[in-house]
Amino acid sequence: MLNRIFAIICLLILAGCTTAPAISPNSGKIAKGSKVGLLVYMPAPAQHMHVGTTVFNNFSTPYQFPWNPTVRTYEAFQSDLEKAGFQVVRLTSYATTSVNALAIEKDGRWIANPRQEWSAKKLKEEQISAVVVVEGKRTLTRMECTGGPCAESYMENSGLFTRGMFTSTRYFAVPAMELKIFTLNNPLEITAYEPLKTIQRTRVRQLNDFADPRDFKRLTTTEFSPVAASIDSYIKSISRSTAQSLVAGVN
């Protein structure tokens, strides 16, 4: 029962409390051959964060992914976008990670963000139709409310979160990242809608078959590999959905 309550609470928190403005079917669709700006920043190293029965059992340990998170993520998105027929443009100088709000909600509809006017102008000068931003994001991994104040745990970097309670431990793969997709000609934040909304909301995944490591505070490369594989699978899943959403639009 506690596991179920934990999962439900995390889903509600990750979902947020706002509802995006209504849109027509297939909104966000752009023509094949269009330019898509891509900006990725994923911090390293990986992290193993453990929350035990008491604070004295808590710890955080850094690990290395078998690949560079930024490069791996960029290559996955670039590949899927190009397979979908788009031209990928690497965003650098004028498009920093601050370009994550090119469209904003106002009075129940989407409009171009006036604070991003300069960046939007530069993007349009390069004939870019949509912008994809992927960056590391502090992520809620645990929220427990058991009669007193709620306890929360966040991870700054992607990796492994473990929750120990007496003799049992639960293992979770955490992609500590956030995706934002904006179309420019008709301002819209695609990630506020399905299917991307649900994919991001459920990004923290419990690893039910994770074998207890020999040294809990220092996992071997082999022991850590299921975590890296789960995060890699999530990156590939959300990159495919990004391309599909730009091809067919969102709901």
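Which residue in strand 14 is the bridge partner of A173? It is R205. I will work outward from that pair. Keep in mind that this is a predicted model.

A173 belongs to strand 11, residues 168-174. Strand 11 pairs with strand 14, residues 205-206, in the antiparallel sense, over two bridges. Five of the seven residues of strand 11 are buried, so that strand is mostly covered.

Next, strand 10, residues 159-165. Strand 10 runs antiparallel to strand 11, and seven bridges join them. One pair to look at is R163, which stands opposite R170 in strand 11. The two strands form a hairpin with two residues between them. In that turn, F166 has a positive phi of about 60°.

Now the whole sheet. It is open, with five strands in the order 3-2-10-11-14, and the pairing is mixed. Strand 3, residues 59-63, and strand 14 are at the edges; each has a single partner strand, so one side of each lacks a neighbour in the sheet. For strand 3 we can look at the pairing with strand 2, residues 46-51: five bridges, antiparallel. There, M49 has S60 of strand 3 as its bridge partner.

Last, the helix. Helix 5 lies across strands 2, 3, 10, 11 and 14, and runs at about 120° to strand 10. Helix 5 covers residues 221-248, which is 28 residues. At 1.5 Å a residue the expected span is 40 Å, and the end C-alpha atoms are 40 Å apart, so the two agree. Just after helix 5 comes G249, with a positive phi of about 85°.

Definitions and conventions: Residues are numbered from 1 along each chain as its sequence is written. This is a predicted model: local features need pLDDT of at least 70, side-chain atom pairs count only at pLDDT 80 or more; totals for chains, interfaces and linings use all residues. Side-chain values use heavy atoms; hydrogens and water are left out. Helices (H or I, at least four residues) and strands (E, at least two) are DSSP runs, numbered from the N terminus. The expected span of a helix is 1.5 Å times one less than its number of residues. Buried means under 20% relative accessible area, exposed over 50%, partly exposed in between (1.4 Å probe, protein chains only). Two strands pair if DSSP finds at least two bridges between them. Contact means heavy atoms within 4.5 Å. Axes are lines fitted to C-alpha atoms, for helices over the stretch in contact, and angles run from 0 to 180 degrees between N-to-C directions.
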